[in-house]
Amino acid sequence: MGTTQATQVSQQRTAHSRRRELLEAADRVVLRDGPKASMNAIAAEAGITKPILYRHFGDKGGLYRALAKRHTDALLSALRAALDAPAGRRERVEATLDTYLAAIEARPQVYRFLMHPADEGQQPEQTFDVGLHSAPLLRRLGEELAKVIAERVDLGPDSEQLARVWGHGIVGMMHAAGDWWLGERPCSRAQLVSSLADLLWGRLSMAADRAGGPGF
């Protein structure tokens, strides 16, 4: 490796490490402030000026998307682990629902930051753009779940299309029910998991595992 190439690799590693540090600082602010987290507060937490923060992420949207990917990747990894658990299909459905609800319960401020715009009373420059909200994250979760269903369950004719309907429908249900539950706490998490699993169980209980697939 030549000197110039080695320098470039070193600079890339340094930039990647610095970006990770800035995301960790942003996480700390989001955990504290939720949807009210601001670029000013994140820059202060990281010990830098706001222009430096913009240099790494481009704008507020760039930082939001980086945080969203960070947390969505972690959630997807946890959901896949629940789906791959050595248990019956009903137990895996319940474990997947519980994994999602446990994640938003454990870090409600992060959830609110990612899924809800900031309070209307705040000035736009003080917080993140109201146009940056849950739709892209939910679409990604829906598509990922659709892939899992298509790989594992034989739904007959138009199986791939139906898997996408189910994937997005299940994610929409989890999001809406979880959002309501997190705000009102009308029942225990276990009760909500069981009730949602009951709602999903009808057609899913009758579908066969896809031949050669990992099973669902």
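Which residues are linked in a network of salt bridges? In this predicted model, the members are Arg28, Arg32, Asp33 and Glu45. One pair from that group can be picked out: the side chains of Glu45 and Arg32 meet in a salt bridge, at 3.9 Å from N to O. Glu45 sits in helix α2 (residues 39–46) and Arg32 in helix α1, so this pair ties together parts of the chain that are 13 residues apart in sequence. Neither end is tucked away: Glu45 is partly exposed, with a relative accessible area of 32%, and Arg32 is partly exposed too, at 47%.

That network is part of a broader picture, as a search of the whole structure turns up 16 salt bridges. Among them is the pairing of Arg70 with Asp27, whose side chains meet at 2.8 Å, N to O. Here the link joins distant parts of the chain, with Arg70 in helix α4 (residues 60–83) and Asp27 in helix α1 (residues 3–33), 43 residues apart. The two partners sit in unlike surroundings. Asp27 has a relative accessible area of 7%, and because the cut-off for buried is under 20%, Asp27 counts as buried. Arg70, on the other hand, is partly exposed at 29%.

Another of the salt bridges brings together the side chains of Arg185 and Glu105, at 3.2 Å from N to O. Arg185 belongs to the loop between α8 and α9 (189–206), while Glu105 is in helix α5 (residues 89–106), so the pair ties together parts that are 80 residues apart in sequence. As for accessibility, Arg185 comes out at 40% and counts as partly exposed; Glu105 does likewise, at 26%.

Turning to helix packing, how do α6 and α8 cross? The axes of α6 (residues 108–115) and α8 (residues 159–184) come within 12 Å and cross at roughly 130°. That angle makes α6 oblique to α8, because it falls outside the ranges for roughly parallel, antiparallel or perpendicular, the last of these being 65 to 115 degrees and antiparallel starting over 145. The crossing itself is left-handed.

On the α6 side, the contact is made by Pro108, Tyr111, Arg112 and Met115, which meet His175, Asp179 and Leu182 in α8. Sorted by class, this contact between α6 and α8 has 4 nonpolar, 1 polar and 2 charged residues.

Technical notes. Residues are numbered from 1 along each chain as its sequence is written. This is a predicted model: local features need pLDDT of at least 70, side-chain atom pairs count only at pLDDT 80 or more; totals for chains, interfaces and linings use all residues. Side-chain values use heavy atoms; hydrogens and water are left out. Axes are lines fitted to C-alpha atoms, for helices over the stretch in contact, and angles run from 0 to 180 degrees between N-to-C directions. Helices (H or I, at least four residues) and strands (E, at least two) are DSSP runs, numbered from the N terminus. Angles under 35 degrees count as roughly parallel, over 145 as roughly antiparallel, 65 to 115 as roughly perpendicular and the rest as oblique. A crossing is left-handed if the near helix is turned anticlockwise from the far one by less than a right angle, and right-handed if clockwise. Contact means heavy atoms within 4.5 Å. Ala, Val, Leu, Ile, Met, Phe, Trp, Tyr, Cys and Pro count as nonpolar, Asp, Glu, Lys and Arg as charged, and the others, Gly among them, as polar. A salt bridge is a side-chain nitrogen of Lys or Arg within 4 Å of a carboxyl oxygen of Asp or Glu. Buried means under 20% relative accessible area, exposed over 50%, partly exposed in between (1.4 Å probe, protein chains only).
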